[in-house]
Amino acid sequence: MRKTTLFLLPLLILSLSACKPESSTAPKNEIGLAVAGTLAALPQPTIQPTYTPYPTITPHTSTLNGLFCEYEFCIGHPANLAFFDAQQAENPSVYSEGMLASYRPDLFSLVIWQLNHETDDPQFMLELIMQEGLDERRGTLDVNLLGDLITFYSIIDTSASEILPTGSIAAWICGDRAFGWKVYTPTEEIAQQLFEEAIKKFRCQE
């Protein structure tokens with residue numbers, strides 16, 4: 001199990017580079033297929049009577065449990081799931097541009113950011129964070145004022161993994177950066193809960 005995870009990790013990190021703008025759609029398609037293959041190969045959780053394999057809401061506390069803070073911003077996440085830098089080692093995440101990912105058999109999440117170049121519309125991040133050929137938006141785009149942030153949120157269907165058939169995407173602007181967020185989950189209700197948790201704890205240095 002551990003050897004399998006360690007073997008798949010480099011493939012996952014390489015696959016996540018699809019979130020960066022490309023000059024051609026062909027590399028995006030190839031990387032998207034690699035993401036699907038990686039997620040499908042992850043081991044499925046073993047169901048036990050006392051274990052529920054779905055993420056739960058992390059109470060908002062003053063501790064760092066369930067809170068990621070680096071690159072001059074903070075964002076919430078399940079307390080038992082940590083982010084890692086998904087950029088290639090020779091080009092790590094920095095203040096102006098970056099990508100974080102986390103995964104386990106029942107959840108995959110991704111956060112990206114880049115300079116917004118003075119635009120106040122972050123919707124381009126929705127297109128950037130979606131996997132071409134794997135993700136498809138469903139329903140209407142929800143625009144909400146959450147605290148000081150105007151967020152754009154949409155449910156998605158995905159063929160990236162049979163056990164993670166749905167999820168959601170979101171985008172917002174804070175200071176001079178635009179942020180994109182995505183999860184693959186077993187149900188859209190879990191995706192909604194995870195977004196609320198993430199954005200409730202979000203802040204950045206403006």
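This passage walks through the overall fold, a small sheet, the disulfides, one buried residue and a surface patch.

The model is a predicted one, so to speak of local features a pLDDT of at least 70 is needed, side-chain atom pairs count only at pLDDT 80 or more, and totals for chains, interfaces and linings use all residues. Residues are numbered from 1 along each chain as its sequence is written, and side-chain values use heavy atoms, with hydrogens and water left out.

Starting with the big picture, the protein chain has 4 helices and 10 strands. Here helices (H or I, at least four residues) and strands (E, at least two) are DSSP runs numbered from the N terminus. Along the sequence, these elements come in the pattern α-α-β-β-β-β-β-α-β-β-β-β-α-β. The chain has 206 residues, and 48% of them count as buried; buried is under 20% relative accessible area, exposed is over 50%, and partly exposed is what lies in between (1.4 Å probe, protein chains only). As for contacts (heavy atoms within 4.5 Å), among those between residues at least 6 apart in sequence, 53% join residues at least 24 apart. About 10,500 Å² of the chain is exposed, and carbon and sulfur atoms supply 54% of that area. Those areas come from the Shrake-Rupley method with a 1.4 Å probe, and for residues only the protein chains shown count as cover.

Next comes the small sheet. Three strands make up an open sheet in the order E1-E2-E10, with antiparallel pairing. Strand E1 (67-70) and E10 sit at the edges with a single partner strand each, so one side of each has no neighbour in the sheet. Two strands are taken to pair if DSSP finds at least two bridges between them. E1 and strand E2 (residues 73-76) pair in the antiparallel sense over 4 bridges, while E2 and E10 do so over 2 bridges. Within the E1 and E2 pair, Glu70 stands opposite Phe73, and Cys69 has Cys74 as its bridge partner in E2. On the E10 side, Phe73 has Cys204 as its bridge partner. The hairpin of E1 and E2 has 2 residues between the strands, and Tyr71 there takes a positive phi near 55°.

In a regular strand the side chains alternate between the two faces of the sheet. For E2, both faces are covered: Phe73 and Ile75 are buried on one side, and Cys74 and Gly76 are buried on the other.

Cysteines turn up again in the disulfides, of which a search of the whole structure finds 2; a disulfide is a pair of cysteine sulfur atoms within 2.5 Å. Counting bonded cysteines along the chain, the pattern is 1-2, 3-4. Cys69 and Cys74 form one of these links, with sulfur atoms 1.9 Å apart. The link of Cys69 and Cys74 is right-handed, with 120° about the S-S bond. Cys69 is partly exposed at a relative accessible area of 36%, whereas Cys74 counts as buried at 7%.

Cys174 and Cys204 also form a disulfide, and their sulfur atoms are 1.9 Å apart. The torsion about the S-S bond of Cys174 and Cys204 is about -90°, so this disulfide is left-handed. The pair links distant parts of the chain, with Cys174 in strand E8 (residues 164-174) and Cys204 in strand E10 (residues 203-204), 30 residues apart. Cys174 counts as buried at 5% relative accessibility, and Cys204 counts as buried at 15%.

Elsewhere, Gln114 lies in strand E5 (residues 107-115). Gln114 is buried, with a relative accessible area of 17%. Neighbours within four places in sequence aside, Gln114 is in contact with Ser96, Glu97, Phe124, Met125, Leu128, Asp176, Arg177 and Ala178.

Last is the surface. Val143, Leu145 and Ile150 form a nonpolar patch there, with about 300 Å² of accessible area together. Patches are made of residues with over 30% relative accessible area and no salt bridge, where like charges are joined within 9 Å and nonpolar side chains (Val, Leu, Ile, Met, Phe, Trp, Tyr) within 5 Å. A salt bridge, in turn, is a side-chain nitrogen of Lys or Arg within 4 Å of a carboxyl oxygen of Asp or Glu. Leu145, one of the patch residues, is found in strand E6 (residues 135-146). With a relative accessible area of 61%, Leu145 is exposed.
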